[in-house]
Amino acid sequence: MTVRMIESEVDLRRAFPVMVQLRPHLTEDSFVERATRQMRDGYQVAVSECDGVVRAVAGFRVSETLFSGKLVYVDDLVTDEGARSKGYGKRLLDWLTEFARSNNCAMLELDSGVQRAEAHRFYFRDGMHISSYRFRKTL
């Protein structure tokens, strides 16, 4: 099992079958287009692989806020449904934590939809806690 950063369109397309499990509204082309555009503004993608097969994907960025200081914000974190509970997501979350530390970040933060109870149990087991509510208005 390895974790690595990806940057190429080919690698983004390889990650799409896992990412779409979290973001089902995206097509492969729209994912590649959005990810590529966001990468110009600091979005990064890492994957957890086994034998060359993508098993988990994380989209994230290094940011800074007045409240948290410098942080890694995880936009997207998903493990392939058929590979859950096999350590791929944990390995990727550990990698993200180390990436944050090595980039002098004070925090690792993410949002998770209220319906994702299994993901929440995973985050709690990893020592994360619910620190706030996010409010949203569709415009």
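A salt bridge here is a side-chain nitrogen of Lys or Arg lying within 4 Å of a carboxyl oxygen of Asp or Glu. In this predicted model, glutamate 49 and arginine 4 make such a pair, with their closest N and O atoms 3.0 Å apart. The contact ties together distant parts of the chain: arginine 4 belongs to strand S1 (residues 2-6) and glutamate 49 to strand S2 (residues 44-50), 45 residues apart. The two partners sit in rather unlike surroundings. Glutamate 49 has a relative accessibility of 7% and counts as buried because that value is under 20%. Arginine 4, at 29%, counts as partly exposed.

The strands that carry this pair also run side by side. S1 and S2 pair in the antiparallel sense, over five bridges, and in that pairing arginine 4 faces valine 47 of S2. On to the next strand: S2 pairs with strand S3 (residues 53-65), again antiparallel, this time over seven bridges. Valine 47 turns up here too, standing opposite valine 57 in S3. S2 and S3 form a hairpin with two residues between them, and aspartate 51, in the turn, has a positive phi of about 55°. As for cover, S2 is mostly tucked away, with five of its seven residues buried.

Back to the charges. The bridge between glutamate 49 and arginine 4 doesn't stand alone, since Arg4, Asp11, Arg14 and Glu49 are linked in a network of salt bridges. One of the links in that network joins arginine 14 to aspartate 11, N to O at 3.3 Å. Both residues lie in helix H1 (residues 9-19), and because they are three residues apart there, about one helical turn separates them. Aspartate 11 is buried, with a relative accessible area of 14%, whereas arginine 14 is partly exposed at 30%.

A further salt bridge is found in helix H3 (residues 88-102). Here the side chains of lysine 90 and aspartate 94 meet at 2.8 Å, N to O. These residues are four apart in the helix, so about one helical turn lies between them. Lysine 90 is partly exposed, at 38% relative accessibility, and aspartate 94 is partly exposed as well, with a relative accessible area of 31%. The pairs described here are among the 14 salt bridges that the structure holds.

Note on methods. Residues are numbered from 1 along each chain as its sequence is written. This is a predicted model: local features need pLDDT of at least 70, side-chain atom pairs count only at pLDDT 80 or more; totals for chains, interfaces and linings use all residues. Side-chain values use heavy atoms; hydrogens and water are left out. Buried means under 20% relative accessible area, exposed over 50%, partly exposed in between (1.4 Å probe, protein chains only). Two strands pair if DSSP finds at least two bridges between them.
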